Each structure stands twice: as C-alpha cells, then as structure tokens.
Amino acid sequence: AKIAGVEYDTRTGYQVLQDLKSSGVNAVPAVSPPDTNATPSSESLLPLAGVSNKTTVLCNESGKYAIFQSDRYGFNNPDAEWDSPQTEWVLTGDSFTQGSCVQLGEDIAGQLRLITGKNVLNLGIGGNGPLSEIGVLKEYAAFRKPKKVAWIYFEANDMFDLTREISVPLLVNYLRSGFSQNLIHRQVEIDSYINKYIINPYIEA
C-alpha cells in the first residue's frame, strides 16, 4: 500500500472499536453466528445474525475499514428496507453477501438497489454455511414472500462449512419442514446472547 501510495488504516479491529467507543459510538465487532453457535445441543437459542441497530466493524482489505449500521435484526441493510410493502430481492450467503471489507453500498445488495431501484434484503453473514443460510431464509425471508431469492454460493468453503454445521443439531433441524426458532420475535434475547459472547474474547484479541 505504501509503495502504491494508498492510504492504509493500520489499526487492528479492536483499536477501531475502542476509538469509536471513545468518540461516543456504541460499536460492536461483526460476529460469525456459527462461532457463537458452537454450543451444546441443550442450547435453546441459535442466533443466525448479528447484534441489532449497532455500528458494526467488519474488516479492512482496501485500506479502509468496512463499517455499517446493522438493521433491526443484525443484518447489513438500511433498516427501512424492512418497511417496504414488497420485497423484490432477498440474498442469502456468507461474507461475500454480507459485504465484508467493502464500503457501504458496494456490497451486492447495495449494487442491486442502485441498479434496479428495488427493495433488497441482504441476509448474508460471514461464516454462514448452507444450513445457516437455509435457516436465515426460513426465519427472516419466508414471511416477506420475496419475488426473487439469490443464494450466493462460495465453492471455496461452503462444503467445509456444511461439514461443521451438521454437528449442530439446531441447524440440522432446518431441514425439517416447518421448523423455526421464531428468531424474528426474539431480537432482545439474541442481542443479549451475542453481547455476552463478544465482550471477553474480543477484548483479549
């Protein structure tokens, strides 16, 4: 970056979080739900998205950290997308779908909004594999009755993710017709669950 004359933010993700908090911004790191879900089968909650309504720090590959304001369910969307009477597009996938390391509006959903002028819900979360992606569709997309669903598959790791996910009973349950955790009505519980998970591990990073 230096040779190319590109300005590069050399801070760690933790330092970015601390700087945001010092300036009065209630920021959180992006989390991968499969990491938070490495839990015993006795767990009654398995989150599939992030913390809601928070400044969320992703990653830095271009020199500038990707940061977004999560929506009411913890996804990378303008919150008003959920208020639209008709959903044209729903996207499910992993970090490529979520918009990891790209700036606001440069993610796939942002580009679709720009090109089509239509409502687009981005339900991608970094680290999600096929079972999580089915779960996301069942929990957050089915009631919207979208006109189009784009399932964005990444051949480099999605099958490895599936191998990991089949050991999580709650995820396997999404292969059953009608199964749901009713996550769309449990956001307060989800936020509490994830916040307990991210505090200590991230501070120690």
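A residue is called buried here when its relative accessible area is under 20%. By that cut-off Val 16, at 2%, is buried in this predicted model.

Val 16 makes a convenient starting point for a tour of the structure. The residue sits in helix α1. Leaving aside neighbours within four places in sequence, Val 16 is in contact with Arg 11, Val 57, Tyr 65 and Ile 67. Ala 80, by contrast, lies 64 residues from Val 16 in sequence and 27 Å from it in space, taken from C-alpha to C-alpha.

The sheet comes next. Three strands make up an open sheet, arranged in the order β1-β2-β3 with mixed pairing. At the edges are β1 (27–29) and β3 (67–69), each of which pairs on one side only. With direction ignored, neighbouring strands of this sheet are turned by 30 degrees against each other on average. Helix α1 (residues 13–22) packs on the sheet and touches β1, β2 and β3. The direction of α1 makes about 165 degrees with that of β1. Within the sheet, β2 (residues 55–57) and β3 run antiparallel and are joined by 3 bridges. Readers who wish to find this pairing on the model can look for Thr 56, which stands opposite Phe 68 in β3.

Phe 68 also leads on to the nonpolar interior, as one of the residues touched by Phe 75. Which residues have the most contacts inside the largest nonpolar core? They are Phe 75, Leu 123 and Tyr 140, in a core of 30 residues. Two or more residues of this core come from each of α5 (130–141), α7 (169–172) and α8 (187–203). The largest share, 5 residues, is that of α5. Residues up to four places away in sequence not being counted, the partners of Phe 75 include Leu 48, Ala 49, Trp 82, Ile 125 and Val 136. Leu 123 and Tyr 140 are also among the residues that Phe 75 touches, as are the polar residues Gln 69, Ser 70 and Asn 122. A second core, separate from the 30-residue one, has 6 residues. Among its members are Leu 20, Ala 27, Val 57 and Tyr 65; Val 57 and Tyr 65 are also contacts of Val 16.

Helix α4 (residues 108–116) gives a clear view of two sides of a helix. Ala 109, Gly 110, Leu 112 and Arg 113 are its buried residues. Seen down the axis of α4, they fall within an arc of 160 degrees, so they line one face of the helix. An α-helix has 3.6 residues a turn, so residues three or four places apart point the same way. The buried residues of α4 pack against β4 (89–92) and β5 (120–122). On the other side of the helix, Leu 114 and Ile 115 are exposed. Just after α4, Gly 117 adopts a positive phi of about 70 degrees.

The charged side chains complete the picture. In total, the structure contains 9 salt bridges. Side chains of opposite charge can pair when their charged atoms come close. Arg 11, a contact of Val 16, forms a salt bridge with Asp 19, with 2.8 Å between the closest N and O atoms. Both partners are partly exposed, Arg 11 with a relative accessible area of 32% and Asp 19 at 40%. A further salt bridge links Asp 79 and Arg 72, and here too the closest N and O atoms are 2.8 Å apart. Asp 79 is partly exposed at 28% relative accessibility, and Arg 72 is partly exposed at 24%.

How far apart in helix α6 are Arg 164 and Asp 161? These two residues of α6 (residues 158–165) are 3 residues apart, which means that about one helical turn separates them. Their side chains meet in a salt bridge of 3.1 Å, N to O. Arg 164 is partly exposed at 32% relative accessibility, whereas Asp 161 is buried at 12%. Finally, salt bridges that share partners join Asp 9, Arg 11 and Asp 19 into one network.

Terms used:
Residues numbered from 1 in each chain as written. Predicted model: local features only at pLDDT ≥ 70, side-chain atom pairs only at ≥ 80, totals over all residues. Heavy atoms only, no water. Buried < 20%, exposed > 50% of the residue type's maximum accessible area, 1.4 Å probe, protein only. Helix = DSSP H or I, 4+ residues; strand = E, 2+ residues; numbered from the N terminus. Arc of directions from axis to C-beta. Contact = heavy atoms within 4.5 Å. Core = buried A, V, L, I, M, F, W, Y, C linked by side-chain atoms within 4.5 Å. Salt bridge = Lys/Arg side-chain N within 4 Å of Asp/Glu carboxyl O. Pairing = 2+ DSSP bridges. Axes fitted to C-alpha atoms, helices over the stretch in contact; angles between N-to-C directions.
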